[in-house]
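Me: Hi! Could you walk me through this one with me? I'd like to hear about ring contacts and any enclosed space.

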Amino acid sequence: MVLNLSLIIAPILVYVALIVTELYVLKKEIKYYGIVIPVLSFLFSIILCKNLALIIIITKNIYLLGYILFNIPTLILVGLYIMKRKKVRVIK
């Protein structure tokens with residue numbers, strides 16, 4: 001099975017762009033702007049897992065593994081949001 005390099009690099013670039021965008025949004029002083037991207041990422045991962053389950057027959061273990069892998073960027077974005085909110089609380 002030959003794996004196309006663009007199938008690996010493209011999602012990584014998208015996630016890097018999301019993290020950079022999240023950092024830019026977190027610099028704004030409006031409280032809830034920073035949580036929008038993690039929520040959208042979470043919803044996208046749920047839709048992606050459901051569509052994957054419709055396309056191929058998968059077991060519960062593979063579905064759970066896919067769900068965890070698709071939510072790694074969500075966890076990173078939520079972690080950035082929490083760290084920034086703690087920093088804002090300490091400053092105020």
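Reply: Happy to. First, a term we'll need: helices here are DSSP runs of at least four residues, numbered from the N terminus. Also, keep in mind that this is a predicted model.

Me: Okay, so how many cavities of 30 Å³ or more are there?

Reply: The count comes to one. About 60 Å³ of space lies in this largest cavity.

Me: Which residues are closest to its centre?

Reply: Those are Leu-26, Lys-28, Ile-30, Lys-84 and Arg-85, out of 11 residues that line the largest cavity.

Me: And which helices each supply at least two residues of that lining?

Reply: α1 (6–26) and α4 (72–91) do. The largest share comes from α4, with four residues.

Me: How does the lining divide into nonpolar, polar and charged?

Reply: You get five nonpolar residues, one polar and five charged.

Me: Switching topic: how many aromatic pairs does the structure hold?

Reply: Just one. The partners are Phe-42 and Tyr-67, with 6.4 Å centre to centre and 75° between the planes.

Me: Why does that count as edge-to-face?

Reply: Because planes over 60 degrees apart count as edge-to-face, and this pair has 75° between the planes.

Me: Where do the two rings sit along the chain?

Reply: Phe-42 is in helix α2 (residues 36–55) and Tyr-67 is in helix α3 (residues 60–70). They are 25 residues apart, so the pair links distant parts of the chain.

Me: What about exposure, for Phe-42 and Tyr-67?

Reply: Phe-42 is partly exposed, with a relative accessible area of 32%. Tyr-67 also counts as partly exposed, at 28% relative accessibility.

Methods:
Residues are numbered from 1 along each chain as its sequence is written. This is a predicted model: local features need pLDDT of at least 70, side-chain atom pairs count only at pLDDT 80 or more; totals for chains, interfaces and linings use all residues. Side-chain values use heavy atoms; hydrogens and water are left out. Rings of Phe, Tyr and Trp (its six-membered ring) pair if their centres lie within 6.5 Å; planes under 30 degrees apart count as stacked, over 60 as edge-to-face and the rest as tilted. Buried means under 20% relative accessible area, exposed over 50%, partly exposed in between (1.4 Å probe, protein chains only). On a 1 Å grid over the protein atoms alone, a cavity is a set of points where a 1.4 Å probe fits but cannot get out, and a pocket is an open set with protein on both sides within 12 Å along at least five of seven lines; lining residues have an atom within 4 Å of a point. Grid points are joined across faces, edges and corners, and a volume is the space filled by probe spheres set on the points. Ala, Val, Leu, Ile, Met, Phe, Trp, Tyr, Cys and Pro count as nonpolar, Asp, Glu, Lys and Arg as charged, and the others, Gly among them, as polar.
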